[in-house]
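I'm opening a fresh page for a structure I haven't looked at before. My plan is to go through it piece by piece and jot down what I find.

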Amino acid sequence: MTTGVAAGRAAAPAADRGRSLHPRHWPFAVPAVLVTLVVLLPFLWLGLLSFTDGGGLSLVHYQRMLENPSYAAILGDTVLLSLLVTAIVIVLGIPTTYFIVRQPPWLATLMLAGVAIPFWTSLLVRTYAWMVLLQRRGLINTWLVDLGIIDRPLRMANSFTGTTIGMVHIMLPFFIFPLYSAMRQIDPDMVKAARSLGASPSRAFWDVFLPLATPGIMAGGLLSFVLCLGFYVTPQLLGGGNVTTISMKIQQNVTMYSEWGASSALGVVLLVLVVLCFLAVQGLVPRRLRQ
Amino acid sequence: MASSITIRGLSKHYGAFAALSDVSIDIPAGQFVTLLGPSGSGKTTLLMSIAGFAHPDRGSIRIDDQEILGLEPDKRDIGVVFQNYALFPHMSVEENVAYPLKLRRVPAAERAARVKHALQAVQMEGFGARRIHELSGGQRQRIAVARAIVFEPRIILMDEPLSALDKKLREEMQIELKHLHQRLGRTIVYVTHDQKEALTLADQVVVMDKGRIVQKDSPRAIYEQPRSRFVADFIGNSSFLPLSGPAAASVEALVSDGFRRRQLDGLARPLLVIRPEKLEIVPAGESEPGSFYLDATVGEVLFQGDLVVVFAQLGNGETVRLQRGTRRTALSTIPPEGAPVRLALHEEDAVVVEEDA
């Protein structure tokens, strides 16, 4: 009897701590509640909107998406563009980041600042800069013609190519930063161990360093891909009407046709796509390498 | 088979800091050599220079008759056990141990046999399919050793491989490593800052300080015939008493002429090194020739289980430390705190070194 009471008394506070918030701490919950309201409510409203038409519940927006081949084309283009940009970002980003990580700390910091400064510059400014560079008579074409590498100016602005170039530039920091922190955490002795066991520098990189950097590559790649899926400014300006992404279609539906329902449905599709990507990457990264 | 290492005039500077200055050493084939020293003494730099991860400014390192300083680490054929083991977490135990064989294009069947053999050597057979994160610290240590010996390197280097283990496991692993060395007959160079570990494992102990080798000897000689105050102080819990100047008055030196000739002559400021277990408690007034005598007062008495440590205060305020086993008969000879006590150190147990400038 006495032991039971004692045990009950001891257990009660422990159980309390896990379950409820002490009234003294309620004020700290205010920001969380506000954020939830501001984020979650429009979100739910968006979802609801996509399932309504003319005041009643309806699947007409999704039905239209399935029936109209242009939607499938836009979705396909968006995914293709995002995949291509992410692939290029990964191929360029891995050696760049590896190079930065191997520098002494002061130089690595300087190089990271070099990555960060364009990152802090307005997206719009950078996109316009690319428009200038990629034009028919822009800097790049002029140089290539002057050097005799090409006869006629390449068509880079207002195209899929130009959009890709611009987006790769914008996405690179989003890939490099998480990868840098992942690579920094890799124990330098791992590569040394591989070397002492007989691996050449490149073997040690492929067999040991790269596998250990995989979670960082996945995280950075996913970030880049997800941002690409919803990207608006750069494809709009650099694509010059020759590239249409989901976000551009959403914008059209809202501003030109006031089709809030159709836009919401596209938004929901984009969201589902992003969630699926997260789950896929979660499944891809081996559990033992997750931090 | 086992190889010898010959190091000549090795120096390495980091800015103004000399990590190694003019280090020369011969390590015969098949020996177990421990590099012992405080942090910053250069022992790890020396080890990493042999492995190929530190690049000395000057000097030479030869394995048998081959100069290796110009060789990349992967061309040196040296097995290294790192302090934190550096096992690859994305590979199983088996894949880790097989990795050096895979790099050497050993055929799969032979590879499997050699991996099995190496795992047996460290008593880890049956763990091949495990993941690294599923292993305990001691098991990881064994796998790291298996991976470093599986390709039968000429030399095995170990960088404080037991420092992450708790005391009991560390002592078990020391004995295992010693046996492994006896079975394999390879040359092993082993870095540690743990004096007991260095003495237990080694055929030869190399004591380093400030980038220099200060003494290289057998464990027994290192302990019983330290050649400098640094070595005597770093290894063991010695007390030091000056044998010259006014402070020498506290020591009655009834030593033989032979001892004076061998140990004292030629030293400007001789310093008596007193190992705590070599000090005897003798009856008051005893003064047989052939010993140093000290009159002291018993101070603090610390009971440590297997040992009892006594701090005795000399007339001039100096403290000497003595220790005894805790057998009944040994304990009963220790006077209570505050009591006067006469201590004797036989000249054959005595070491005299030159006081550092």
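Below are my notes, grouped by topic.

**Confidence**

I reminded myself first that this is a predicted model. For chain A, I looked up the mean pLDDT and got 83, with 91% of the residues at 70 or more. Where in chain A is confidence lowest, and where is it highest? The low end is helix α1 (residues 2-19) of chain A, with a mean of 45. The high end is helix α9 (residues 188-196) of chain A, at 94. I also checked residues 1-16 of chain A, where pLDDT stays under 50. Beyond four places in sequence, the model gives that stretch 0 contacts.

**Chain B, overall**

I turned to chain B and found 10 helices and 19 strands in it. Its C-alpha trace spans about 80 × 45 × 35 Å along the principal axes. Chain B has 357 residues, and 37% of them count as buried. I then took the contacts in chain B with a separation of 6 or more: residues 24 or more positions apart account for 68% of these.

**The two domains of chain B**

Chain B is split into domain 1 (5-233) and domain 2 (237-354). I noted 38 Å between the C-alpha centres of domain 1 and domain 2 of chain B. How many residues does each domain put into the contact? Domain 1 of chain B gives 8 and domain 2 of chain B gives 6. On the domain 1 side, helix α8 (residues 229-234) of chain B has the largest share, 3 residues. I sorted that side of domain 1 of chain B by type and got 2 nonpolar, 2 polar and 4 charged residues.

**Where the chains meet**

Next I looked at chain B against chain A: 21 residues of chain B are in contact with 18 residues of chain A. In chain B, the elements giving two or more residues to this side are β6 (78-81) and α2 (93-103). The chain B side comes out as 13 nonpolar, 4 polar and 4 charged residues.

**A closer look at α2 of chain B**

I listed the buried residues of α2(B): B:V93, B:N96, B:V97, B:A98, B:Y99, B:P100 and B:L101. They pack against α3 (108-121) and α4 (137-149) of chain B. After α2(B) comes B:R105, and I noted that its phi is positive, near 55°.

**Cores**

In soluble globular proteins, nonpolar side chains tend to be buried together. With that in mind I looked up the largest nonpolar core here, which has 132 residues. The residues with the most contacts inside this core are A:M171, B:L157 and B:V189. Helix α8 (residues 160-184) of chain A supplies the largest share of the core, 14 residues. Domain 1 (5-233) and domain 2 (237-354) of chain B each give the core at least three residues.

I followed up on B:L157. Leaving out residues up to four places away in sequence, B:L157 touches B:L47, B:I50, B:A51, B:I78, B:V80 and B:V189. Apart from the big core I found another, of 6 residues, including A:I74, A:I250, A:A262 and A:L266.

**Helix α12 of chain A**

A:I250 made me look at helix α12 (residues 246-255) of chain A, where A:I246, A:S247, A:I250 and A:N253 are buried. Why do these line one face of the helix? Seen down the axis of α12(A), the buried residues fall within an arc of 120°, so they line one face. My last check was on their partners: the buried residues of α12(A) pack against α4 (69-101) and α13 (260-284) of chain A.

Key
Residues are numbered from 1 along each chain as its sequence is written. Chains are lettered from A and ligands numbered from 1 in the order in which they are written. pLDDT is the predictor's confidence in each residue, from 0 to 100. Helices (H or I, at least four residues) and strands (E, at least two) are DSSP runs, numbered from the N terminus. Two residues are in contact if their C-beta atoms, placed from the backbone, lie within 7 Å. Domain bounds come from an automatic or database domain assignment. Ala, Val, Leu, Ile, Met, Phe, Trp, Tyr, Cys and Pro count as nonpolar, Asp, Glu, Lys and Arg as charged, and the others, Gly among them, as polar. A nonpolar core is a set of buried Ala, Val, Leu, Ile, Met, Phe, Trp, Tyr and Cys residues joined through C-beta atoms within 7 Å. A residue is buried if 20 or more other C-beta atoms lie within 10 Å of its own, exposed if 12 or fewer, and partly exposed in between; C-beta atoms are placed from the backbone. The arc is that of the directions from the helix axis to the C-beta atoms.
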